[in-house]
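Me: Can you take me through this one? I'll put the model up and ask as I go.

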Amino acid sequence: TAALPDGFSIRPLARDDYHKGFYECLRVLTWVADPTEVEFQARFDEMAAAKDTYFFAVVEFRGRIVGTGCLVVERKFIHNHGKCGHIEEIAVAKEHQGKGLGLNIMRALESVAVSVGCYKSILNCGPRNEPFYEKCGFHNSGIEMSVYF
Ligand code: ACO
């Protein structure tokens, strides 16, 4: 695994991260709205209460969150009651892209997935991100379908 560049560190998302630019980081990905700190902490607590299910990794640089990613652990009846990891919301701040942060986040989520007993991890992405996820060890195994409500 390539090390993080100097000054960058990776750790789990914390309940007091609201003012460190977590939502700002997510905005490189999609529309986020503008949740308050209370709303952030309510959602954080909800996820924490679903024990061993949501794992958010964040990359910090000079006290700011500049990268994030999430693993959601799905419990199944199939595969001997196996667990499947879902990789969600991988985002790196524009000015820090191409420094290996995304790859580090993916590696961290992979090691969590293995340690909680997932037999695979899957994700959905657009075609422009396919080369990145191939570098992370994923391969294209089908088509994504969705319905929006
Ligand atoms: N095309 C080709 N190669 C790429 C691309 C790309 N678009 N992006 C990264 N790579 C390669 C890099 O060159 C590097 O290869 P190398 O090790 O041979 O040099 C390797 O992938 C790792 O790159 P990182 O520097 O770790 O990637 P980065 O930190 O820039 O993160 C990411 C990649 C997360 C896609 C970032 O560009 C980003 O935040 N984009 C906008 C948000 C987004 O699209 N997120 C993914 C949504 S899908 C999902 O979340 C499941």
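What follows is a short chat about the fold, the ligand shell and a few single residues.

Me: What kind of model is it, and how are residues numbered?
Reply: It is a predicted model, where local features need pLDDT of at least 70, side-chain atom pairs count only at pLDDT 80 or more, and totals for chains, interfaces and linings use all residues. Residues are numbered from 1 along each chain as its sequence is written.

Me: How many helices and strands are there?
Reply: The protein has five helices and five strands, in the order β-α-α-β-β-α-β-α-β-α along the sequence. Helices (H or I, at least four residues) and strands (E, at least two) are DSSP runs, numbered from the N terminus.

Me: What is the radius of gyration?
Reply: The protein has 16 Å, which agrees with the value near 15 Å for a compact globule of 149 residues. That radius is taken over C-alpha atoms, and the globule rule is 2.2 Å times the number of residues to the power 0.38. The C-alpha trace spans about 45 × 35 × 35 Å along its principal axes.

Me: Which residues are closest to the ligand?
Reply: The closest are Q97, G102, L103, P131 and F132, out of 23 that surround the ligand. A residue counts as near if its C-beta atom, placed from the backbone, lies within 6 Å of the molecule.

Me: Which elements give two or more residues to that shell?
Reply: They are β4 (83-92), α4 (101-115) and α5 (130-135). The largest share, six residues, comes from β4.

Me: How do the shell residues divide by type?
Reply: There are 12 nonpolar, six polar and five charged. Ala, Val, Leu, Ile, Met, Phe, Trp, Tyr, Cys and Pro count as nonpolar, Asp, Glu, Lys and Arg as charged, and the others, Gly among them, as polar.

Me: Back to α4. Which of its residues are buried?
Reply: L101, G102, N104, I105, M106, A108, L109 and A113 are buried in α4. Buried means 20 or more other C-beta atoms within 10 Å of the residue's own, exposed means 12 or fewer, and partly exposed is in between, with C-beta atoms placed from the backbone.

Me: What covers them?
Reply: The cover includes β1 (8-12), β2 (54-61), β3 (64-75), β4, β5 (118-122) and α5. Contact here means C-beta atoms, placed from the backbone, within 7 Å.

Me: What span should α4 have?
Reply: At 1.5 Å a residue, its 15 residues should span 21 Å, and the end C-alpha atoms are 21 Å apart, which agrees. The expected span is 1.5 Å times one less than the number of residues.

Me: New topic, the strands. In which sense do β2 and β3 pair?
Reply: They pair in the antiparallel sense over eight bridges, and β3 and β4 also pair in the antiparallel sense over eight bridges. Pairing needs at least two DSSP bridges between the strands. F61 has R64 in β3 as its bridge partner, while R75 has K83 in β4.

Me: What about R62 in that first hairpin?
Reply: The hairpin of β2 and β3 has two residues between the strands, and R62 takes a positive phi near 50 degrees there.

Me: Where is D52, and is D52 buried or exposed?
Reply: D52 is in the loop between α2 (37-49) and β2. D52 is exposed because it has 11 other C-beta atoms within 10 Å. Its phi is positive, about 55 degrees, although D52 is not a glycine.

Note on methods
Contact = placed C-beta atoms within 7 Å.
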